[in-house]
Amino acid sequence: MLTDPGAVPRDAIAATEDDAKVDGFCAKCDRYKPSKAYHCSKCKRCVSRMDHHCPYTNNCVGAKNQKHMVLFLIYCNVQAVYALALVAYYGGYRGYLYDEGWLALVLTALLGVDGGMTLLFTGTMCRRQVISMQTGIGTIDRLKLAKGKPIAGGTPIPLSSIFGHTVLFWPLPLDPDFPPEVEAEILGFRCPRVADEHREPLWRPVSQETGLLSGEERKEPA
Ligand SMILES: [Zn+2]
Ligand SMILES: [Zn+2]
């Protein structure tokens, strides 16, 4: 919900010289637009490798948070299968519920309906995400293809470009770890580095004696 989906910042430039040759500009946000990005009309910004805008989280799903989306769907499917297995085991195979009264039967039926509907909904979405990773054709790409329009995706996405480079962290709900040199390639843009001496410090201590910020000189009245 609060993750950065790979929004293109104001000072973004092309990641490679080849990218720079392609005319990429978004007139709506008035900045560089990587070839693999789409402009989101809800968020009013360009998002790299944008899959779709999710109305439930009110955020885009893109290059930097697709991992969270896929993991969420997998977790939902696991809990749905577990719920259905419980219903099948205790309600069907062991037949316990018939001795426990009507309340247990109703609650078990609700659990079964919940598990079934969750599996149907998130299972379908999970299948689409797997296809999106295998083909590189995401949700927006699919809709555009249906209308015969050109798409930004279409190249299969390596798992490391979705889940990060540390395989140990893949099943955990952590932001994907992309090495800096690889991240620009994944996002399709980079930001020019500001030399440290020109960078404004976030916080500077105040001198107890002079009351001035460190590095600041007292201005003598003219
Ligand atoms: Zn834009
Ligand atoms: Zn959006």
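This passage describes the fold, the annotated membrane spans, the nonpolar core and selected local features of a single chain. The model is predicted.

The secondary structure of the chain consists of six helices and eight strands. Read from the N terminus, these elements follow the order β-α-β-β-β-β-β-β-α-α-α-α-α-β. Of the 222 residues in the chain, 27% count as buried. When contacts between residues at least 6 apart in sequence are considered, 53% of them join residues at least 24 apart.

Two stretches of the chain carry an annotation from a sequence record. In the unreviewed UniProt entry, the label "transmembrane region" is assigned to residues 70–90 and 102–123. In the predicted model, residues 70–90 are 100% helix and 0% strand, and the C-alpha atoms at the two ends of this span are 30 Å apart. Residues 102–123 are likewise 100% helix and 0% strand, with end C-alpha atoms that lie 31 Å apart.

Two residues of helix α2 illustrate how parts of the chain separated in sequence are placed in space. Q79 lies in helix α2, and its C-alpha atom is separated by 7.6 Å from that of G115, a residue 36 positions away along the chain. Q79 is classed as partly exposed because 15 other C-beta atoms lie within 10 Å, a count between the limits of 12 or fewer for an exposed residue and 20 or more for a buried one. Y90 is also found in helix α2. The C-alpha atoms of Y90 and T108, which are 18 residues apart along the chain, are separated by 9.0 Å. With 16 other C-beta atoms within 10 Å, Y90 is therefore partly exposed.

The largest nonpolar core comprises 25 residues. Within this core, the members that touch the most other members are V8, A37, Y38, V47, M50, L187 and F189. At least two core residues are supplied by each of β4 (37–40), β5 (45–48), β7 (59–61), α2 (66–93), α5 (160–163) and α6 (180–187). For M50, contacts beyond four places in sequence are made with P5, A37, Y38, C40, C60, G62 and I140.

Strands β4 and β5, both contributors to this core, are also paired with each other. The two strands run antiparallel and are joined by four bridges; H39, for example, has C46 in β5 as its bridge partner. Together β4 and β5 form a hairpin with four residues between them. Both faces of β5 are covered, since R45 and V47 on one side and C46 and S48 on the other are all buried.

The backbone of the hairpin turn contains a notable angle. K44 is located in the loop between β4 and β5, and its phi is near 55°, a positive value in a residue other than glycine. K44 is exposed because 9 other C-beta atoms lie within 10 Å. A positive phi of about 55° also occurs at D30, which is not a glycine. D30 is placed in the loop between β2 (25–26) and β3 (31–32). The surroundings of D30 include 8 other C-beta atoms within 10 Å, and D30 is therefore exposed.

Conventions. Residues numbered from 1 in each chain as written. Chains lettered and ligands numbered in written order. Predicted model: local features only at pLDDT ≥ 70, side-chain atom pairs only at ≥ 80, totals over all residues. UniProt positions renumbered as here; feature names shortened; annotations may be inferred. Core = buried A, V, L, I, M, F, W, Y, C linked by C-beta atoms within 7 Å. Contact = placed C-beta atoms within 7 Å. Pairing = 2+ DSSP bridges.
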